[in-house]
Structures are given as structure tokens and as C-alpha cells.
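This report looks at one protein chain, beginning with a single side chain and working outward to the fold as a whole.

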Amino acid sequence: MFEHEKMRKVSESLLKPTTLTAASADPQVIEDLKFIAKTFLELQKKRHSADYDNNIFWEHVEALRIMLLGRRVFATWDKIKNEDIAQEYLVSMLMKPRPE
């Protein structure tokens, strides 16, 4: 259902310095969206480690930090989810390319 590789690439692209320079969105919305993209990448790596790296011992404090970071991302998304730039990010993460 979700293409995690595509979602990663979209988030990485959004963090490039030139991606949002001409955006007409509020600067705070842009910063919030960058926070979401950056955190998505971090949480995706942590999830991958948790699923596939049995050598990692997860400390309670680290697990709690990750959980709270996830909550913060959802709270941030809730603030900006109706902004055009946020909707474009979401759609770009979920859309599949058209067959040629």
C-alpha cells in the first residue's frame, strides 16, 4: 500500500535548500513542513532498525523520546494539514506514477 522508498525520497527532496525557496507559503508553515519531513526520515530509520536489527537494545528513554517525537509530528501536521504546500507534500508521498 505505502511505498516507503518513495516517501523517503519525497521527504529528502523537500529538505534540499532549493526545494521550498520560491514557495508562497507562510515561512512558519515551511519550517513546520521541513520538521515533519526531517522527522519522518528519522522515524522511518528507527522503525527499520526496530524491525530488522536484532542487535539493538532499545532503552526505555529512547523509545519514549521516539514516541514523543511522533506525537509532536502529528500535532505539527494538524496545524498545517490544510495548507496547499502540506497537501502537495502528502499527495506526492502517496501518488503512484501514471503508467505510460
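## K6 and its surroundings

In this predicted model, K6 is partly exposed, since its relative accessible area is 26%, a value between the 20% limit for buried residues and the 50% limit for exposed ones. The residue belongs to helix α1, and, once neighbours within four places in sequence are left aside, its contacts are S92, M93 and M95.

K6 and M93 are separated by 87 residues in sequence, yet their C-alpha atoms are 6.4 Å apart in space. With M95 there is also a polar approach, in which a polar atom of the K6 side chain lies 3.4 Å from the backbone oxygen of M95.

## The chain as a whole

The chain holds 4 helices and 0 strands, so that the order of elements from the N terminus reads α-α-α-α. Of its 100 residues, 27% are buried, and the chain exposes about 7,700 Å², of which carbon and sulfur atoms supply 56%.

When contacts between residues at least 6 apart in sequence are considered, 67% of them join residues at least 24 apart. The pair K6 and M93, 87 residues apart, is one illustration of how distant parts of the sequence are brought together.

## Helix α2

Helix α2 covers residues 27-52, and its 26 residues should span 38 Å at 1.5 Å a residue; because its end C-alpha atoms are in fact 38 Å apart, the expected and computed spans agree. At the N-terminal end of this helix D26 acts as a cap, with a side-chain oxygen 2.6 Å from the backbone nitrogen of Q28.

The buried residues of α2 include V29, I30, D32, L33, F35 and I36, together with A37, T39, L41 and Q44. The cover over these buried positions includes α1 (4-14), α3 (60-80) and α4 (84-94). One of the buried polar residues is Q44, in helix α2, which counts as buried because its relative accessible area is 13%, under the 20% limit; beyond four places in sequence, Q44 touches H4 and R8.

## Helix α3

The 21 residues of α3 should span 30 Å at 1.5 Å a residue, and the end C-alpha atoms lie 31 Å apart, which agrees. Its buried residues are I66, L69, G70, V73, T76, W77 and I80, and because they cover an arc of only 125° around the axis, they are on the same side of α3. The face turned away from that buried side carries H60, V61, R71, F74 and K79, which are exposed, while the buried residues pack against α2 and α4.

T76, a residue of helix α3, has a relative accessibility of 9% and therefore counts as buried. Apart from neighbours within four places in sequence, T76 is in contact with D32, F35 and I36, each of which is buried in α2.

## Helix α4

In α4 the buried residues are I85, A86, Y89 and M93; they cover an arc of only 105° around the axis, so they lie on the same side of the helix. On the other side of α4, D84 and E88 are exposed. The cover over the buried residues of α4 includes α1, α2 and α3, and M93, one of those buried residues, is also among the contacts of K6.

## The nonpolar core

Which residues touch the most other members of the largest nonpolar core? Among its 18 residues these are L33, I36, W77, I80, I85 and Y89. The elements giving two or more residues to this core are α1, α2, α3 and α4, with the largest share, 6 residues, coming from α2. In soluble globular proteins, nonpolar side chains tend to be buried together.

The surroundings of Y89 can be listed in full: leaving out residues up to four places away in sequence, it touches V10, S11, L14, L33, I36, A37, F40 and W77. Three of the residues in that list, L33, I36 and W77, appear with Y89 itself among those that touch the most other core members.

Key
Residues numbered from 1 in each chain as written. Predicted model: local features only at pLDDT ≥ 70, side-chain atom pairs only at ≥ 80, totals over all residues. Heavy atoms only, no water. Expected span 1.5 Å × (residues − 1). Buried < 20%, exposed > 50% of the residue type's maximum accessible area, 1.4 Å probe, protein only. Contact = heavy atoms within 4.5 Å. Polar contact = N/O pair within 3.5 Å; in protein donor to acceptor, adjacent residues only side chain to side chain. Areas by Shrake-Rupley, 256 points an atom, 1.4 Å probe, with all protein chains shown as cover. Core = buried A, V, L, I, M, F, W, Y, C linked by side-chain atoms within 4.5 Å. Arc of directions from axis to C-beta.
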